[in-house]
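Biologist: Could you walk me through this one, term by term? I would like to hear how each label is earned.

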Amino acid sequence: MEHITDDLPAPRLGDRGLFPDLEAAVYLNHAAISPPSRRIQRALHACIATYAARGVEAFFTYNQQRAELRQDLAALLGADAGEIALTSGTSAGVIDVALCFPWRAGDRVVLFDGEFPANITPWQRAAAAFDLRTTLLPLEDYMRSHAPGLERLEATLRAGGVRLVAVSSVQFRTGLRMPIREIAALCREHGAELFVDAIQGCGATPLDVEADGIDYLACGGHKHLMGVEGAGFLYVRQARAAALRPNVAGWLSHEEPVGFLVQGPGHLRYDRPIRQRADMVEAGGWNALGHAALGAAVKVTLGLGVEAIHAHVAAYLDALEPALRERGFRSLRHPDPAGRSTLLCVLPPEGRDVVALHRALGARGVASSIPDGVLRFAPHWPNSQGELPTLLAAIDAALADA
Ligand SMILES: Cc1ncc(COP(=O)(O)O)c(C=O)c1O
């Protein structure tokens, strides 16, 4: 297929050779948006060139590429390809499940205070539309050890009425890796279902929907999967898909949705069943370019291996964290490696303005971000510890002028 790119160097941990255009000397912003590698750029060019040359015929090529992408995402997640829907990103998946879940009036939804709003707003809207009650639990409970958080969650579930718990696998503001498997076990014990926003983990922090007991998982492709914005996916466990209400269905959600376009007269009908599968949420035309990029990106991730990427980034952060502490930063990294992700979030030294510090770092070629006032460093597989002296020199200089 067109996206095969044998003349490009193979992706290697710690090597940014596939990112020759990247301007920042040290790019630590993969928790925001990843720069597309040469492989992704090549896949995008091939896709648009194929459409330019073949018009509608390109649809069939990229339909097959989407089938391959579903297989690759399933391999990445420990799922079946039939449990994957291609979406525009995390929010699309959250909204789809919030609207299609078989709610009963009075059901409770458990959310967490401090989550990225993408995993709050759709549940609030569903609560207003379907007469649900939402409960916000503190993430703070999980920060030093997971036990107090799990105890509070269990007490909440025991109180009854909870149909769904929605949580991110990795928290965007602290880098906290949530104990998803333990949360899932509690949900199962108390008859609740588990929804996971995986965008801060998927691609860099291991996750397995089967082993972890996840019912629904939404993700966008532009962070740790290193694709582009506007292309992501939704996982729905098949046993849960059967109960979903098709409230977001469109013309492509039916069984055999395109037959009437190629089979001659008499095939245009409006009563074909809606697929009771994850991909019922694929209502209309796909994001051909975005999914071509995601397809190439997922192949890179599978090739390197999420465990290997995670270990590579952990070693980088293990070296960076003490150097930051020495300079007066307070690290929010979890004391137990099981609670850590590939995000290192720190509070600036006493009296330092995080906005000014962030700006000063940017001016020195260090890309970072400051979600809700925390300085966040998020390296990935192309980062290498060889760049740490440059990074620390930039931090020292930024501290001097901020
Ligand atoms: C935890 C989390 N969820 C969701 C999003 C964004 O979702 P979407 O893919 O819909 O833009 C972000 C960051 O942008 C995030 O950090």
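Modeller: Gladly! A salt bridge here is a side-chain nitrogen of Lys or Arg within 4 Å of a carboxyl oxygen of Asp or Glu. By that rule, the count between domain 1 and domain 2 is one salt bridge. Keep in mind that this is a predicted model, where local features need pLDDT of at least 70, side-chain atom pairs count only at pLDDT 80 or more, and totals for chains, interfaces and linings use all residues. Residues are numbered from 1 along each chain as its sequence is written, and side-chain values use heavy atoms, with hydrogens and water left out.

Biologist: Why is the pair Arg173 and Asp372 called a salt bridge?

Modeller: The closest N and O atoms of Arg173 and Asp372 are 3.2 Å apart. The limit is 4 Å, so the pair qualifies.

Biologist: What makes Gln200 a polar contact of the ligand?

Modeller: A polar contact is a pair of N or O atoms within 3.5 Å; within protein, one must be able to donate a hydrogen and the other to accept it, and residues adjacent in sequence count only if both atoms are side-chain atoms. An N or O atom in the Gln200 side chain is 2.9 Å from a ligand oxygen, and therefore the pair passes. Asp197 has a polar side-chain atom 2.5 Å from a nitrogen atom of the ligand, while for Thr90 the partner is a ligand oxygen at 2.8 Å.

Biologist: And which residue ranges make up the two domains?

Modeller: An automatic or database domain assignment sets the bounds: domain 1 is 26–35 + 305–401, and domain 2 is 57–302. Their C-alpha centres lie 29 Å apart. With contact meaning heavy atoms within 4.5 Å, 27 residues of domain 1 touch 28 residues of domain 2.
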